[in-house]
Amino acid sequence: MPSLSELLSAQNVSILLFFVGLLGLVTQKNIVRTIISVNVMDVGAILFLITVNYTPGSLPPIAPMGDGPVADPLPQALMITAIVIGIAVSAVSLAVFIALFRRYGSADWETVLKRIRER
Amino acid sequence: MTGLLPTILLPITLGAVGYFLPRRLYQGLLLAGQAAQVVLVTRLFVMVRTGGPIRVVLADWPEGVGIALQADLLSSTLVALAGWFFLLMLLFNTRKLYMDRLFQFLFVLLQGLLIGLFLSGDLFNIYVLLELSTLVISVLIMYKRNKQTIYDGMVYLMINLASMSFMLLGIGFVYRALGTLDLAQLARRIAEVANPRSLILGFSLVMTGIGVKSALFLLFGWLPKAHGAPSAPAVVSAILSGIQVKAGLYLFLRLIVTFETAIVLRPFFLVVGFLTALTGVGLAMVQHRIKSLLAYSTVSQIGLIVVGLTAGAAGSPSTWGGVFHMVNHAVVKALLFLCAGLVIHVYGTKELSQVRGVLRKMPAIGLAMALGILGIIGTPLFGAGVSKYFIGGGLSANPVDWGILLVNLGTSLTFVKFGHMLFGRPEIPALVVDGGDHSRQPDAFTRTIVVILGAATLLAGVFAQPVIALLFGLDVDASGAWSAQKILIYAVTIAMAVLLYRFVLAPATEKIRRISRPVYFADYALGILVFFAATTAYGYLAG
């Protein structure tokens, strides 16, 4: 039986986060919550990539460093890009949402669609 | 200098550097840039034909660390297509009022991103380019900010962003299992993996992301909204259906080829392709708006392409048929969307039933449109007819061959409905939605571009053999596409389509519209989840 701290390893948490986000995407009817759900999925994926390929006791690939543990730097370098893109993506989604809200006065996917059909 | 990087950077740099110029100068600069771009992509196309595939790793990094760009027969064809298309579209649009600097900048930016996608040999790079193109497209389809477009843009954005999260997590799984993201290295390492099952989760996650981009069954909900957005500019619809969705399909093919040494996939995606094609035509024939009909028809053609790509092993006739259909469909659908845009502009309505007599009112446009219609229903001697023949070629004497006939019957039925716009007496519709412009005809310039595209659909078929030899270096016999048997089948299909339209579809349309239920966002999200679950389950069961 693995201990709680083993179960809550960064990888498991990241996969859990991803699927929590996916659950939100399927169940939530509020547009803001949809945007947040996608963000949570994104964070889960990014966390997974940051923790991937950490082998305890491995040696630094580029230059000699201190005695601390070392992980593969490539995914981490990639994730800086992914985080930056994530910010831009959230900003655009929220901006579109604001435009949508101003027009239809609702943050609910179904209500918005109903109002479009009525016009 | 291999010229791979300049084709990506030229439009983006010009667009950014010249942004402070006045509108007219900026437009001139971009057009000049597009002319140069056409030279670059054509040169790349010739280089790959004469010197074989080109591969460079940027900034002299070692293989597998740096970003690799590669051009082979397939990607150089698509890059050339993208180069020519954007030039034509910019020319087409020179006199439109909404062509301000921001629109033009985003437009050429999209070209850079798409060419980047075709040339990229690195999974993470592909992710970044896809994410960026999602943002650019979402702004482009919402550009004429009116009516429903913002809602469509929102749906498009959320579905695609969610799919990109899938892809990112999948990239994590792939990297954990194989330690590289370079597609060429991946293919080599996948062949050596001892336990292929360890790759399934990563593959199905990445595939869900790519599947949304290429609009497969259960994942295509965003496509009609984006491509058929009632008020999105016609050139945007043309580019989206012509080139952008092909980027998804191209990546789909790359992924299949990369992973198939470890995972059995083709039967699954063959079925997915058929389901995509059948639901696509099923939904297309009940649409009552011009652009939505075309958008759903894109879905069905995507299904056919997927069937072609997965029906035979890599390099078989049906695979090349699928690829050739990508090219043909790009030309035909861009043509139809441009004509639809002109028709909507002149008649001032988006409703199919209110447009009649296009041939009489705008002979050149009507003729081009007729060519497009004949092309898409797979008339022998037209490009799309030849590629459909090859797609079926891998499946002859097979029950799925009947499936293709069924899809083609649906397509014919859809375009019999669409073709009604050509005939009859042009009348001012009773209900004018946007305030049409009846006095004005499309100018000579616009007409020329549309007619060029129309001629291209026909020429691609008449000269199918040399065209295929040029594009893919393949010596095939295309004359089977217009054998007596094929022509007979074609004639029967059309006759059945006309009868079905007359006696079944036309009377039932109103009833179908009444019983249809609106599709909410949660349905699209559920579709993604189900697709992911099905792909994973199939991977484990078949492997």
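# Reading an interface and a surface patch

Reader: Which residues of chain B form a nonpolar patch on the surface?

Author: In this predicted model, Leu381(B), Leu459(B), Val462(B) and Phe463(B) form that patch, with about 340 Å² of accessible area together. Patches take residues with over 30% relative accessible area and no salt bridge; like charges are joined within 9 Å, and nonpolar side chains (Val, Leu, Ile, Met, Phe, Trp, Tyr) within 5 Å. Areas come from the Shrake-Rupley method with a 1.4 Å probe, and for residues only the protein chains shown count as cover.

Reader: Where is Val462(B), and is Val462(B) buried or exposed?

Author: Buried means under 20% relative accessible area, exposed over 50%, and partly exposed in between (1.4 Å probe, protein chains only). Val462(B) is in helix α18 (residues 444-462) of chain B and is partly exposed at 38%. Helices here are DSSP runs (H or I, at least four residues), as are strands (E, at least two), numbered from the N terminus.

Reader: What is the phi of Leu381(B), and where does Leu381(B) lie?

Author: Leu381(B) has a positive phi of about 80° although it is not a glycine. Leu381(B) sits in the loop between α15 (363-376) and α16 (383-393) of chain B, and counts as partly exposed at 38% relative accessibility. Leu218(B), not a glycine either, has a positive phi of about 75°; its place is the loop between α8 (200-213) and α9 (222-227) of chain B.

Reader: How is the size of an interface given?

Author: Often as the accessible area lost when the parts come together. Buried area is that loss (1.4 Å probe), summed over both parts. Between chain A and chain B the area buried is about 3900 Å², of which carbon and sulfur atoms give 81%. In chain A, Val26(A), Trp109(A) and Leu113(A) lose the most area to chain B, together 15% of what that side buries.

Reader: How many salt bridges does the rule find across the interface of chain A and chain B?

Author: A salt bridge is a side-chain nitrogen of Lys or Arg within 4 Å of a carboxyl oxygen of Asp or Glu. The rule finds 0 across this interface. The elements giving two or more residues to chain A's side are α2 (10-27), α3 (31-51), α4 (73-104) and α5 (109-118). Of these, α4(A) gives the most, with 17 residues.

Reader: What conventions apply?

Author: Residues are numbered from 1 along each chain as its sequence is written, while chains are lettered from A and ligands numbered from 1 in the order in which they are written. Local features need pLDDT of at least 70, side-chain atom pairs count only at pLDDT 80 or more, totals for chains, interfaces and linings use all residues, and side-chain values use heavy atoms, with hydrogens and water left out.

Conventions. Buried area is the accessible area (1.4 Å probe) that two parts lose on being put together, summed over both.
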